[in-house]
Amino acid sequence: MTFFVILLSLMLFLIVFVIAPAFVFYHSIFGRRKVLPLDDERLYKPGIEPFKERMLSDLAVLKKVGFKRVSIIAKDGVTLCADLYDRGADKTALMVHGYNADPYVNLVSPARWLYDNGFNLLVIYHRAHSYSGGDRSGMGLLEQDDVASWIEYLEDRDGSQQILLYGASMGGSALAYLSDRMTDDHVKGVMIDSGYISTERQLLHDVRRMHLPVLKLLIPLIGWICKRDIHVDIREKTTDHLKKAKKPILFFHTENDPTVDLSEGQENCNACSSRKQMVITKGEGHMTAFLSDEPLVTNAMKDFIHQHFI
């Protein structure tokens with residue numbers, strides 16, 4: 001009887017203090033995101049507050065230009081949405097935002113700059129975010145295939161398009177995961193701002209940053225849940241794909257990024273086997289390289305575009 005009492009107590013302990021918290025943590029990370037648009041007065045993100053006025057101005061310009069909301073069906077049946085700004089150009093920038101954010105919160109200023117410099121824009125909404133369907137985010141692991149589907153959409157829409165891929169944070173990691181499968185001639189180059197190396201490493205960094213070391217013990221179990229629920233391995237590294245990258249890549253990172261450490265960006269760049277360049281800006285924000293030193297970043301972007309686009 002004593003043995004069964006001990007066994008039952010152990011099972012209850014594991015359920016209450018390990019298994020249940022792991023499922024809660026999993027759903028809080030990979031579940032559908034409730035995000036606020038850039039111009040919602042309730043939105044507050046410390047990293048972008050110094051640049052908010054500029055970002056809202058850029059958003060107003062894009063709103064005045066106008067866009068068409070378009071959609072595709074992902075390979076697993078999820079409906080994905082995007083905003084298409086068509087200026088009739090022969091080149092399009094596919095803008096890939098970060099985790100738990102409206103795309104314009106991450107990308108409005110580089111998007112406006114690219115539009116002003118002759119690009120059409122396709123600003124996508126990740127699965128489980130905003131207007132897109134789906135109830136699970138993939139932290140870049142599912143999204144890499146969604147980006148591939150958007151590339152196919154652009155090619156089918158206009159076979160003469162030259163495509164630039166621009167991704168921030170999770171969006172940048174999605175592009176890095178896809179980098180060894182980018183064989184289509186339409187894709188001319190990639191820009192990655194503050195991409196992380198793996199979901200597992202990013203989760204470990206986040207629990208340290210939030211001073212919640214006990215959650216570190218749950219990450220292997222969360223990885224097990226991911227494999228069975230959304231069929232991804234959170235240990236998969238962007239660097240393993242970048243070692244076989246097919247397209248030139250321009251990397252950006254702020255010097256003191258609190259969310260994705262600069263060392264992650266440097267490791268990604270070092271692993272990249274294709275033509276590459278890394279631009280490091282002064283500052284402490286996440287995904288704010290463009291705004292923290294616009295002359296430095298835009299000069300690098302101009303050179304990159306001049307080299308790789310007709």
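Q: Which residues does histidine 129 touch, not counting those up to four places away in sequence?
A: They are Arg32, Arg33, Val35, His97, Gly98, Tyr99, Asn100, Ala101, Ser137 and Met170. Touching here is a contact, which means heavy atoms within 4.5 Å. Before going on: this is a predicted model, where local features need pLDDT of at least 70 and side-chain atom pairs count only at pLDDT 80 or more, while totals for chains, interfaces and linings use all residues. Residues are numbered from 1 along each chain as its sequence is written, and side-chain values use heavy atoms, with hydrogens and water left out.

Q: What makes histidine 129 count as buried or exposed?
A: Its relative accessibility is 0%. Buried means under 20% relative accessible area, exposed over 50%, and partly exposed in between, using a 1.4 Å probe and protein chains only, so histidine 129 is buried.

Q: Where along the chain does histidine 129 lie?
A: Look in the loop between β4 (120–125) and α4. Helices are DSSP runs of H or I with at least four residues, strands are E runs of at least two, and both are numbered from the N terminus. The C-alpha atoms of histidine 129 and lysine 34 are 6.9 Å apart, although 95 residues separate the two along the chain.

Q: Why is the pair of tryptophan 150 and tyrosine 153 called stacked, tilted or edge-to-face?
A: Rings of Phe, Tyr and Trp (its six-membered ring) pair if their centres lie within 6.5 Å; planes under 30 degrees apart count as stacked, over 60 as edge-to-face and the rest as tilted. By this rule the chain has six aromatic pairs. For tryptophan 150 and tyrosine 153 the centres are 5.6 Å apart and the planes stand at 85°, so this one is edge-to-face. Both residues sit in helix α4 (residues 143–157), three residues apart, about one turn of the helix, and both are buried.

Q: How do you know that helix α5 is mostly covered?
A: Count its residues: nine of nine in α5 (residues 170–178) are buried. Among them are Met170, Tyr177 and Leu178. The cover includes β3 (91–96), α4, β5 (162–168), β6 (187–193), α6 (199–209) and α8 (238–242).

Q: Why is the chain called as compact as a globular protein of its length?
A: The radius of gyration is taken over C-alpha atoms, and the globule rule is 2.2 Å times the number of residues to the power 0.38. For 310 residues that rule gives 19 Å and the chain comes out at 20 Å, which is close, so the name fits. Buried residues make up 55% of the 310.
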